[in-house]
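These entries record what I looked up in the structure, in the order in which I consulted it.

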Amino acid sequence: MATLESCHCSGAGGQNNNNSILYNILKNDSLATTEEEQQPTPQQNRQHRAIRQQACSCSSSRRRGCLRSPQVTCKAASAVLVKTLRFVKNVPCFRELPEEDQLLLVRNGWAPLLVLGLAQDRVDFETTETAEPSMLQRILTGGCGGQSSLTDRQGEPRSEQSAGIEGVSLSDIQGIKAFLKKCWVLDISTKEYAYLKGAVLFNSDLQGLRYLHYIQSLRREAHQALNEHVKLIYREDSTRFAKLLIALSMLRAISPPVVAQLFFKPVIGAVNMEDVLLEMFYGK
């Protein structure tokens, strides 16, 4: 019979995480079952495999990481953010939009535009894994009265960033790194980056846009211009446009709070990024 001893999840320091209470309970249960039934049924085998998978704690979504050199990386990210906002302000079609639409597009597009800028400037970064906070730490950092760190005083869910949990999910870091690597492997040109930024900036999927149809047309124009450029320059590569669209889909999966937490919080602390963007963009 397959038992929990076959799980090889590595915890801190590369050692098997065999000391957790959940692991020992499940392991003892599986050993007791072995003593009672020497010939388990296929259904029991499936149940034990499911238990073993649930006990496994090696999911990267639960492990967290932070920048290894935050001062260097945050400085580079800040420079890219300045360049990104300057690019947005210099787009004539963007300046023609009402201020409400401009704000909505900037608030929702700054993070993917920043990561796209990191790819263009080939800003790489290294991370180090941080210890996941215990349940006691989550409770103690959640406020008075022993509240959970994942809820506020009104019982509303709180983000991991506002709850004081350090670092970001390793799966989020891997997503950003995978996108950067995709761009670098494709060796995206300056014009292609410009068209990709246009496609990201004019996001017609947002709710509340006043000039929705106009923004939709701008997004289509960006895709069309990118496609025509690729056909002209890369005639022998019929799949390049599709690869660029795949890169765009990877970019849209990157969360703005994750970008703020990873690249800016180590330097500016728990500052509202929207306030920073407004100050940089409009001087308000």
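Entry 1. I looked up the exposure of Val-267 in this predicted model. Its relative accessible area is 46%. Val-267 is classed as partly exposed because that value falls between the 20% limit for buried residues and the 50% limit for exposed ones. I then located Val-267 in helix H12, which covers residues 265-268.

Entry 2. I asked which residues make a nonpolar surface patch with Val-267. The patch is formed by Val-267, Ile-268 and Val-271, and I noted its area as about 220 Å².

Entry 3. I turned to helix H9, which spans residues 212-233 and contains 22 residues. From its first C-alpha to its last, H9 reaches 32 Å, close to the 32 Å expected at 1.5 Å a residue.

Entry 4. Which residues of H9 are buried? I listed Ile-215, Ser-217, Leu-218, Arg-219, Ala-222, Leu-226, His-229 and Val-230. I noted that Arg-219 and His-229 appear in this list beside residues such as Leu-218 and Val-230. The cover over the buried residues of H9 includes helices H4 (92-95), H5 (99-120), H8 (190-201) and H10 (240-252).

Entry 5. I closed with the protein as a whole. I recorded 13 helices and three strands. Of the 284 residues, 37% are buried. The accessible surface comes to about 16300 Å², and carbon and sulfur atoms account for 52% of that surface. Among contacts with a separation of 6 or more, I found that 76% join residues 24 or more positions apart.

Technical notes. Residues numbered from 1 in each chain as written. Predicted model: local features only at pLDDT ≥ 70, side-chain atom pairs only at ≥ 80, totals over all residues. Heavy atoms only, no water. Helix = DSSP H or I, 4+ residues; strand = E, 2+ residues; numbered from the N terminus. Expected span 1.5 Å × (residues − 1). Buried < 20%, exposed > 50% of the residue type's maximum accessible area, 1.4 Å probe, protein only. Contact = heavy atoms within 4.5 Å. Areas by Shrake-Rupley, 256 points an atom, 1.4 Å probe, with all protein chains shown as cover. Patch = residues over 30% accessible without salt bridge, like charges linked within 9 Å, V, L, I, M, F, W, Y side chains within 5 Å. Salt bridge = Lys/Arg side-chain N within 4 Å of Asp/Glu carboxyl O.
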